[in-house]
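Visitor: Could you take me through one part of this model up close? I'd like to hear about the metal site and the cysteines around it.

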Amino acid sequence: MKIRKRFLPRTVQDGVATTFMAAIIPITFWFEVYVVIPGVHGVDSIYNWIHLGPALFLLFNISLNMLATIMCDTSCGSEIVQVPENVKVSSGLGSKSWHLCSTCEAVAPPRAWHCNTCGICVLKRDHHCVFTGCCIGHRNHRYFILFVLHLFIATLYGSILNNYFIWFVRGEEFRNWTSVMKIVFPLAMLMIDISTKQYYLVIYLINMVGMCFTGVLLIYHGKKMLSGTVVHESNSKDYDLGRLENVRMVLGKRWHLTWLSPFLESELPHNGINWDCVQKEARKAK
Ligand SMILES: [Zn+2]
Ligand SMILES: [Zn+2]
């Protein structure tokens with residue numbers, strides 16, 4: 001993996017969102033492992049150890065896929081030196097053909113777009129993600145998809161446990177109108193009532209919102225991946241090679257194992273530069 005040289009967030013918005021993610025992941029892990037699971041099963045229960053396995057697996061995959069998304073260099077870089085013969089280079093922003101990026105003062109291949117926040121042209125650019133403070137493109141698309149997938153599984157898992165813990169195990173303390181008010185106005189209540197119970201409700205709420213948000217993201221980006229498109233290419237069939245091949249284009253040749261670890265080698269079948277041959281294959285496949 002080629003490492004990005006400048007990986008710190010460039011805007012305040014990116015900085016706030018990335019810091020929030022970097023903080024909430026370990027906080028939620030601590031809450032589930034040290035508060036909720038022993039609360040549900042009892043402090044000495046063997047089930048606490050059984051939950052620890054999947055919890056650590058999810059923490060490992062969420063943190064390291066997030067880090068890999070941030071660290072992986074998916075820019076055009078200096079590799080774009082040779083424009084294929086008989087190819088016209090257009091001027092201005094574009095994604096369907098080779099084009100000249102006036103900001104980078106360099107020629108960029110089809111599907112590459114300039115990101116004003118990152119200040120670079122990104123190969124097969126999907127979108128700029130505020131929660132990682134970087135662009136999602138050809139080389140880090142795999143880590144981003146798996147980051148979202150594991151985040152959804154973790155928030156779903158956490159929310160099931162949290163709902164049981166809050167409303168049943170500690171139901172006597174939480175099943176009242178004050179709790180409902182605190183869930184509806186969490187920040188206001190945090191200023192009035194700074195108690196452990198209040199923090200529990202805030203983490204509970206963040207997990208529930210996170211589960212819905214990552215669920216929607218997973219469906220949206222999953223559909224894009226299956227159809228061989230990116231955010232900028234809405235409903236385009238230009239690079240659609242069939243579902244399996246489209247998944248391989250994002251997750252690599254060992255796509256079926258990538259959910260296990262971001263360290264697992266899964267070579268991408270394409271260099272992210274010469275898309276003409278993919279377009280031809282896609283036309284044949286139709
Ligand atoms: Zn550029
Ligand atoms: Zn960007």
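**The zinc site and its cysteines**

Guide: Let's start with Cys-121, which counts as buried at 6% relative accessibility. Keep in mind that this is a predicted model. The sulfur of Cys-121 is one of the donors to the zinc ion (ligand 1), along with Cys-101 (SG), Cys-104 (SG) and the ND1 atom of His-114, at 2.1 to 2.3 Å. Read along the sequence, those donor residues follow the spacing C-x2-C-x9-H-x6-C. His-114 counts as buried too, with 8% relative accessibility.

What about the geometry? The 4 donor atoms subtend angles of 100 to 119 degrees around the zinc ion (ligand 1), so the arrangement is tetrahedral. For reference, the ideal angle for four tetrahedral donors is 109.5 degrees.

Now for the cysteines and disulfides. A disulfide is a covalent bond between the sulfur atoms of two cysteines. Searching the whole structure turns up 0 of them. Take Cys-76, which is buried at a relative accessible area of 5%. The closest cysteine sulfur to that of Cys-76 belongs to our zinc donor Cys-121, but it sits 5.0 Å away, too far for a bond. The cut-off here is a pair of sulfurs within 2.5 Å. Cys-212 doesn't make a pair either: the closest cysteine sulfur is in Cys-129, 18 Å off, and that is again too far for a bond.

So, back at the metal, Cys-121 is a zinc donor through its SG, and the sulfur of Cys-76 lies 5.0 Å from that of Cys-121 without a bond, because the gap is too far.

Notes: Residues are numbered from 1 along each chain as its sequence is written. Chains are lettered from A and ligands numbered from 1 in the order in which they are written. This is a predicted model: local features need pLDDT of at least 70, side-chain atom pairs count only at pLDDT 80 or more; totals for chains, interfaces and linings use all residues. Side-chain values use heavy atoms; hydrogens and water are left out. Buried means under 20% relative accessible area, exposed over 50%, partly exposed in between (1.4 Å probe, protein chains only). Donors are N, O and S atoms within 2.8 Å of the metal (3.2 Å for Na, K and Ca); water is not among the atoms, so sites may look incomplete. Four donors count as tetrahedral if all angles lie between 85 and 135 degrees; four count as square planar and six as octahedral if opposite donors are over 155 degrees apart and all others between 65 and 115; anything else is irregular.
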